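New to this one? Take a moment to turn the structure around on your screen, then read on for a short tour.

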Amino acid sequence: MNLLLSSALGVSVSVSGRAPQAPGAQGEVDQEVVFQGDLQLQYEVLRYQWVATAVIIAALTVVSVILGWWLAGRVLRPIHSVTSTARRLSLSNLHERIAMQGPDDELKELADTFDDMLDRLERSTDAQRRFAANASHELKTPLALDRALLQVAFGELPEELLEARDELLASNSRQHRLIDGLLMLAAAEHTLTNAEPVDLADLARRVLCEHPGATADLSPALTSGDPVLVERLIANLVENAEKYNDQRRFIAVRTGTGEGGAVVTVENTGQEIAHEVVPSLFEPFRRLTGDRTESVSGAGLGLSIVAAITRVHGGTIDAVPRTGGGLAVTVRLPDRGSA
């Protein structure tokens with residue numbers, strides 16, 4: 001009876017005793033479940049797409065950076081070659097060239113133009129060197145002849161002419177030293193043709209044989225360079241220390257190995273020197289007194305020759321006024337053989 005009533009009223013009764021449900025409620029529940037499933041699927045798809053996009057962007061970024069770095073290196077390598085060659089160049093190695101190989105593009109044109117400029121500069125430098133050598137030879141020959149004539153023709157003179165003869169001989173000596181100094185300066189500034197292992201201590205001992213009054217502390221100081229020029233460097237430092245000394249007559253020569261290579265230091269006593277005056281002492285024809293004219297003591301080229309020899313050997317020079325007067329000059333020459 002209950003079943004019939006239920007059927008007649010259109011109401012279903014659960015056998016398990018649950019509350020009856022309205023017709024169509026089950027379909028709404030199924031639709032909600034399907035909708036939530038669709039939302040979950042869309043969320044998973046979007047999340048996967050974002051992750052995949054992030055991974056792809058990161059990979060493309062890394063690849064593009066590497067590729068860009070590689071391409072930039074290939075493009076800029078010729079420019080680096082030009083720059084490194086320009087930095088290495090000095091008057092002692094003007095023979096070096098870039099000699100770039102490759103297509104005839106703008107970079108090769110730039111390198112070829114740079115090489116042409118070096119050719120012109122090398123020819124000009126060689127011409128100046130030959131002119132200095134020829135001029136010094138042409139000037140020294142008549143000076144030597146004049147000196148011989150003065151010594152022979154004016155060997156026996158009256159008392160009143162002896163002073164004039166001595167002045168002429170002194171002037172001749174000054175001119176000879178000036179020409180020798182200019183020739184040495186030109187050679188030191190232009191070329192380093194004979195680089196070989198040298199010990200500053202051995203060269204200093206050789207120089208000090210002619211200057212026995214100096215105090216020596218000579219430790220091995222191995223470097224490489226032109227032995228003649230380096231010995232001239234040390235000799236000029238010692239001679240300059242003697243020339244501008246005072247009554248204390250103190251000269252000290254030290255050699256050794258320090259930071260940057262072989263080191264030689266020459267210091268002396270003398271008059272007080274201001275720090276701002278020191279750089280000008282290494283200019284040609286400059287003296288401590290500021291006088292640019294010749295004197296009996298020299299032509300004012302001693303320290304400028306030292307600076308030129310130091311530069312051509314790739315070294316550094318440092319001069320510091322001493323407390324109580326005088327100057328301490330330190331020259332550092334790198335070991336070119338181990339560089």
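## A strand pair in the sheet

Ile-251 of this predicted model sits opposite Asn-268 in strand 5. That match belongs to the pairing of strand 4 (residues 251–258) with strand 5 (residues 261–268). The two run antiparallel, and 8 bridges join them.

Step back and you'll see that these two strands are part of an open sheet of 5 strands. Its order is 2-4-5-7-6, and the pairing is mixed. Who's at the edges? Strand 2 (215–218) and strand 6 (316–321) are, and each has a single partner strand, so one side of each has no neighbour in the sheet. On average, neighbouring strands here are turned by 15° against each other, if you ignore direction.

## A helix on the sheet

The sheet has company: helix 6 (residues 227–243) packs on it. Helix 6 touches strand 4, strand 5 and strand 7 (327–333), and its direction makes about 20° with that of strand 5.

## The second largest pocket

Now for a pocket. The second largest one has a volume of about 160 Å³. Helix 2 (25–88) and helix 3 (106–153) are the elements that each give two or more residues to its lining, and helix 2 supplies the largest share, with 4 residues.

Among the lining residues are Arg-74, Arg-77, Met-100, Asp-105 and Lys-108. What kinds of residue make up the lining? It divides into 5 nonpolar, 2 polar and 4 charged.

## How far to trust it

The mean pLDDT of the protein chain is 78, with 79% of its residues at 70 or more. Over residues 1–22, though, the pLDDT is below 50, and this stretch has 6 contacts in the model beyond near neighbours in sequence.

Another spot to watch is residues 292–296, where pLDDT stays under 50. For these residues the model has 14 contacts beyond four places in sequence. Where pLDDT is low, don't read the predicted coordinates in detail.

Technical notes:
Residues are numbered from 1 along each chain as its sequence is written. This is a predicted model: local features need pLDDT of at least 70, side-chain atom pairs count only at pLDDT 80 or more; totals for chains, interfaces and linings use all residues. Side-chain values use heavy atoms; hydrogens and water are left out. On a 1 Å grid over the protein atoms alone, a cavity is a set of points where a 1.4 Å probe fits but cannot get out, and a pocket is an open set with protein on both sides within 12 Å along at least five of seven lines; lining residues have an atom within 4 Å of a point. Grid points are joined across faces, edges and corners, and a volume is the space filled by probe spheres set on the points. Ala, Val, Leu, Ile, Met, Phe, Trp, Tyr, Cys and Pro count as nonpolar, Asp, Glu, Lys and Arg as charged, and the others, Gly among them, as polar. pLDDT is the predictor's confidence in each residue, from 0 to 100. Contact means heavy atoms within 4.5 Å. Two strands pair if DSSP finds at least two bridges between them. Axes are lines fitted to C-alpha atoms, for helices over the stretch in contact, and angles run from 0 to 180 degrees between N-to-C directions.
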